[in-house]
Amino acid sequence: MADDLAFPTGAEVIEENRSGLIGRAVDRVDGGAKVTGRAAYSYEIQEAGQALYGYVVGATIARGRVAAIDTAAAEAAPGVVLVLTHKNAPPQAEPGGPPGNANRLAGAKPYLYSDEVKHFGDPIAFVVAETFEQARDAASLVSARYEEAAGVFDFSTQLDNVTKPEKAFSPPDSAVGDFDAAFAAAPVQLDETYITPIQAHAQMEPHAALAHWDGDKLNLFVGCQLLKASQASVAHTFQIPHDRVRIVSRYIGGGFGGKLCMYAEAILSAMAARQLGRPVKAALTRQQMFQETGHRSASIQRIRLGADKDGRLTALAHEGVVHTSRMWEFTESVGAQTRRLYAAPNRRTSHRLATLDLPGAEAVRAPGEASGMLSIEVAMDELADRMGIDPIEIRRLNEPTVDPENGKPYSSRNLIACMDEGAARFGWSQRKAKPGQDRRGEWWIGLGMSASIRSNYLQPAKCGLHLTTDGRAVIRQAMTDIGTGTYTILAQIAAEALGLPIDDIDVEIGDSSFPPAPGSGGSFGAASAGTALLDAAMKVRELAAKLAVEDQASPLFGQPPETATFGGGQILIGNHAEPLTKLLQRSAPDGLKAMGECVVAPNYFDYSQHAHGAHFCEVAVNALTGEVRLRRMLGVFAAGRILNDKTARSQAIGGMIWGVGQALTEENHVDPRYGSFESQDLAGYHLPVHADIANLDALFIAEEDDKGNPLKIKGVGELGICGAGAAVANAIYNATGVRLRDYPFTPDKVFPFLPPM
Ligand code: MOS
């Protein structure tokens, strides 16, 4: 049959996994460079020569205009070479431009383009000096007089003044059946409101950039997640052709959505470097990161569940109001995963926006569901508790067979399998059904669980691959590694497909001049970039096989090329073999090159595609203080084939820890006097630290999903956070009987409701 003679497309090769590299807990291939300091992050780039230092000056009002700005003292300060303000900055495109541009992240991001102040910390000047200290000192000498306008900062006052999202990734509304009638008729009704606060990305690496113009071409070294979108954004800002902007982002110390778009340090460094003819670099301070870059919106979410006497949902509604900023629209789509999660014939979800005068609200790890599952997953626990049904059993009762809102089949769904596996491993059967039953000394102990779900995406991508005559494979792709392990999984895929040792793979990513890839965001990176690489590798295999069988000097001469396999640096057909180096040195002196592609197949959208999981948590709540301590936590996930058990687990754990932060410590608030964020450093904004995270583990159950991509993988970067905080909330309830709905559950909120000692 013709099919038998077709060249493999890649899926079979990954399936075969001859090297055993796929799935193995391979150490990060960039780990050595990172821990020895050889991995240069944007601010540390030396290749452009000595750079000048820029320092951003932010507005001290939240809305209005700069009426006057005095830069004389700063300009006269030692070492200062340039002070940019709106008065002398070069012309730039309008924000979001060019007109008609639909992709916010690729649109113009001008700074110092007008006297308008749109939020507290909005840059009003950029001071460039020979040293960092000189720039920072001179920045303190810039003085501005403002005409202040009234701003809107208090989310809670705007809940009746909302708009419908126009640019949201998820539709703002969904409805199936007749929710109102079904809810009214339901024998069991739950109607509760949940509140989540503003949260920060809090990446380890500050926003940093180094700009160097090579003639009329900009080289911009900047920590950014999306190279091609950022390239377009910078080109649009300065109104120059895309090919005159090169974005380089080789190593990134965390993104989480906070480095999706360009910020002041990048645009202003580029502007100053162009004017001065010298490299300029700038980093935002931690305080500036809080005040000037993105944040996760606050939300208020109403959940209504109507159930029959057996616990089956007849009506489900999830309606959320979140804040957006006047600068640009961004929607935290809190109900997006509720649409996929539970069966109920009558349903309604909606997202509405309250507009505040804050810096742009932004995607933060699992935008939408990271907030939304803090409500729906507690509501399900409340319903289970009210009906005397085990929390896993109520989810089992409401497990849909197809996507409950669009009727599409799931590409794969092992949600209940994750719950069952987790329950067995965690000892869920030890949980006491009635809350407040287990006190040990001054601590109440309790167990909670929640579901996890995160959509699985795929984006178009390309990948260049060069198999050299010395037997190395060089991958080139405008892809990024924001700390997730992209370097490593790409090396694994190439090594497996080409039968080479992993040390012989050179992964060159983080450069916009390489073949386009979507970058890191939305958990689509590994699938999109990896699929393009696999395609390239299969094309190189085909080239090598044809070369060998047509080469009289090769021991493979005359063999059927379709059956070639690759291993140990050799190409093998039947019982014939030849080292790739020997073949190439003799017959392909330039090596072999191919361009791979990831194409999103039209039938991709015939399926409802998500990764799933279940969180289990045990907490101790102090009966005297209300302090909540994590005792144990386990996440069990089904996310397709796992490429690397170490980096994937690391992502899952990182997400879960963030969920613990959402539940217990993370919150920011706006100071209504200034429109500034109250917490602006890691002393005020409380992230969990090692001492807060006890016995936390994550594992993946076997799953392959052939509906998304030939690797049969799903994204894992955002799955771990989804639902994690709700498991903590549910454990607090089980420990104490205290049901809280206003995150985070700090001791002051827990303590007043604790049962008497
Ligand atoms: Mo993500 S929040 O799309 O980096």
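## A tour from helix α11 outwards

Start by selecting helix α11 in this predicted model: at 1.5 Å a residue its 19 residues should span 27 Å, and its end C-alpha atoms are 26 Å apart, so the expected and modelled spans agree. Colouring the helix by accessibility shows that α11 is mostly covered, with 16 of its 19 residues buried. Step just past the end of α11 and you reach Gly388, which takes a positive phi of about 70°.

Keep α11 (residues 369–387) on screen and add the largest nonpolar core, which has 85 residues, those with the most contacts inside it being Leu305, Leu313, Val619, Val621, Met633 and Val728. Helix α11 gives the most to this core, contributing nine residues. For a view from within, centre on Val728, which, when residues up to four places away in sequence are not counted, touches Cys617, Val619, Met633, Val660, Ala663 and Leu664. Apart from this core lies another, of 61 residues, and Tyr41, Cys463, Ala473 and Leu498 are among them.

Next select Thr338, which lies in helix α10 (residues 338–341). Is Thr338 buried or exposed? Its relative accessibility is 2%, and because the cut-off for burial is under 20%, Thr338 counts as buried. Leaving aside neighbours within four places in sequence, Thr338 is in contact with Leu316, His318, Arg347 and Ile376.

Now turn to the sheet, and display β17, β18, β26, β27 and β30: these five strands form an open sheet in the order β17-β18-β26-β27-β30, with mixed pairing. The edges are held by β17 (439–440) and β30 (696–700), each of which has a single partner strand, so one side of each is left without a neighbour in the sheet. At the β17 edge, two bridges pair β17 with strand β18 (residues 443–455) in the antiparallel sense, and here the partner of Arg440 is Trp443 in β18. Add helix α13 (residues 415–426), which lies across β18, β26 (610–622), β27 (628–638) and β30, and which runs at about 35° to β26.

From the sheet, move to strand β23 (residues 570–573), which is joined by four bridges to strand β24 (residues 576–579), the two running antiparallel. Leu572 has its bridge partner in β24, namely Ala577. Two residues lie between the strands of this hairpin, where Gly574 takes a positive phi near 55°.

Continue along the chain to helix α16 (residues 580–587), and select Leu580, Leu583 and Leu584, which are buried. Looking down the axis of α16, you will find that the buried residues fall within an arc of 90°, so they line one face of the helix. Rotate to the other side of α16 and you will find Lys582 and Gln585, which are exposed.

The last stop is Val128, in strand β5 (residues 123–129). With 0% relative accessibility, Val128 counts as buried. Which residues surround Val128, leaving aside its neighbours within four places in sequence? Those in contact with Val128 are Leu52, Tyr53, Gly54, Gly79, Val80, Val81, Leu82, Ala272, Leu276 and Val280. To close, draw a distance from Val128 to Lys712, which is 584 residues apart from it along the chain: their C-alpha atoms are separated by 49 Å.

Technical notes. Residues numbered from 1 in each chain as written. Predicted model: local features only at pLDDT ≥ 70, side-chain atom pairs only at ≥ 80, totals over all residues. Heavy atoms only, no water. Pairing = 2+ DSSP bridges. Buried < 20%, exposed > 50% of the residue type's maximum accessible area, 1.4 Å probe, protein only. Arc of directions from axis to C-beta. Core = buried A, V, L, I, M, F, W, Y, C linked by side-chain atoms within 4.5 Å. Contact = heavy atoms within 4.5 Å. Expected span 1.5 Å × (residues − 1). Axes fitted to C-alpha atoms, helices over the stretch in contact; angles between N-to-C directions.
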